Amino acid sequence: MSSRRDFLKSSGMVIMAGAAGYFTADQFVNAQFVNYGAGKKTGSAESRQRPTLVTIFLRGGADAMNAIVPYGDPLYYQYRTHIALHANAGGKGKGGQKGVIPLNGSSYWGINAGMEPLMPLIEKGYVVPIINVGSPDGTRSHFTAQDYMERGAPGNGGVTTGWLNRYLEKTKKPFDAPLRGLSAENLVPRALRGSYPVLAGNNRTEQMALFEDLYSPKNLVNMTARDGAGDERGSRLEDLDTKTAKGAMTSDMTRDVIAASGASSVERIKALEKASQTPNDASYPGGGLGGQLSTIARVIKADVGLEVAQADYGGWDHHSGQGGAGGRQAQMLAHLSECLVAFNKDLGDRMDRVMVLVMSEFGRTVHDNGANGTDHGRAGFMLAMGNMMRSGGAKQPVMGTWNGLQEKELDGGRFLPVKHDYRAIMAESIARLFHVDPFKAGIFPDYHVDPKTGFVNFMRQMPGDA
């Protein structure tokens, strides 16, 4: 029926599964579910809400020392002769521009003044910066570094699935919630690609009745054939070689899988449609990131079982024009901060079970480059937001290991050293948010750390059975 093809093309529906974008029979069957929450005791929306991990990828290599600033270190100003962020007792920089806001009263650590909207959340312990995070692989290629980070397998080109998709796949059940994984953009990012079905894009259900009817079991010929229609043939599948290998799918099984996958797709899109009707409780800044986080917040509040989602914010490759106070990166950090604040306000008490993790593929050089910018480096930073953060307060305004900016402490004399493999941060997020051992589950191939010594401990364990 041509109308079905037209609908699929016009709806923008994307159901990703497998590196090539196809389901296997087992993946189709295991993607089925019953109505989320069926058979459970009803309660408040918060009690039904699944824990959710939302990642925000800052593409281009965001400069850590322009965001989380060691403004109390004299060496910082020697390295950054053009774009250093200055601060004094009044918090004002050169020319009267505010450059750095001290973190929890610290005389050493501060944040870019563009991030001022986040200060109330930082002071309450709901946002924590994590420093010297990066990859053990030394590549400074954007594409390669992003690929490694989203696969959660630095240096291993044989891993083709994303770390978030592996979490979904390793923890799937015969009857899953309708929308466990979501990309807020039309293309599924690498972190969400894999065998578990993930919804992406601006899906619509204006013609859902047609779609449901087309995939209804009562309209599949093989179903009626087996219910007593005699010689009625389901399709040309019966004309294939009948000497089927042991364990292979029969024609009836194949059509059943198609029916099941169609029904699953319908329910996933219907879940997103339900979420689209959920109002936002905050005003988001204009632009792509605000729209993405607004969508993710609606899906979380719709209680359709969302567990992982990713948003993207590109444009952080500032070889020139990065600037200091009021510069390009300060403006972008301000936008990021405003979006995070809106998301936090939108979800309210739901942030007890929602964590946001902001990351970038690598950091920048310690020295500026004379063009009001910085070049590709090694270690970068992360931001973690949620009511389960473990803030160090004034005594520990940042999380992570820092030994200063002496040349002997730098990587090759040019880069911030990688003290924490980013997989440790990812693993801690999964372990403490979802009560899943990421190492036993095989979510990070060829990687294991002792949580007691290898985790940064930036967050508390979620209580109870998540």
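How are H11 and H12 oriented to each other: roughly parallel, roughly antiparallel, roughly perpendicular or oblique? H11 and H12 are roughly parallel to each other, because angles under 35 degrees count as such (over 145 is roughly antiparallel, 65 to 115 roughly perpendicular and the rest oblique). Keep in mind that this is a predicted model, in which local features need pLDDT of at least 70, side-chain atom pairs count only at pLDDT 80 or more, and totals for chains, interfaces and linings use all residues. Residues are numbered from 1 along each chain as its sequence is written, and side-chain values use heavy atoms, with hydrogens and water left out. Helices (H or I, at least four residues) and strands (E, at least two) are DSSP runs, numbered from the N terminus.

**The helix pair**
- Helix H11 (residues 288-301) packs against helix H12 (residues 328-347) at an angle of about 15°, and their axes are 10 Å apart. The axes are lines fitted to C-alpha atoms over the stretch in contact, and angles run from 0 to 180 degrees between N-to-C directions.
- In the contact (heavy atoms within 4.5 Å), residues of H11 including Leu293, Ile296 and Ile300 meet residues of H12, among them Leu336, Cys339 and Phe343.
- The residues of this contact divide into nine nonpolar, two polar and two charged. Here Ala, Val, Leu, Ile, Met, Phe, Trp, Tyr, Cys and Pro count as nonpolar, Asp, Glu, Lys and Arg as charged, and the others, Gly among them, as polar.

**Strand E10 and its partners**
- Seven of the seven residues of strand E10 (residues 354-360) are buried, meaning under 20% relative accessible area (exposed is over 50%, partly exposed in between; 1.4 Å probe, protein chains only).
- Both faces of E10 are covered, with Val354, Val356, Val358 and Ser360 on one side and Met355, Leu357 and Met359 on the other.
- Strand E2 (residues 52-59) runs parallel to E10 and is joined to it by seven bridges; Ile56 stands opposite Val358.
- Strand E11 (residues 380-385) runs antiparallel to E10, with three bridges between them; Val356 has Met385 as its bridge partner.

**A three-stranded sheet**
- An open sheet has the strand order E3-E5-E4, with antiparallel pairing (two strands pair if DSSP finds at least two bridges between them).
- Its edge strands, E3 (68-69) and E4 (100-102), each pair on one side only.
- Two bridges link E3 and strand E5 (residues 110-112), and Ile68 stands opposite Ile111.

**A buried residue in a helix**
- Asp147 lies in helix H6 (residues 142-151) and is buried, with a relative accessible area of 15%.
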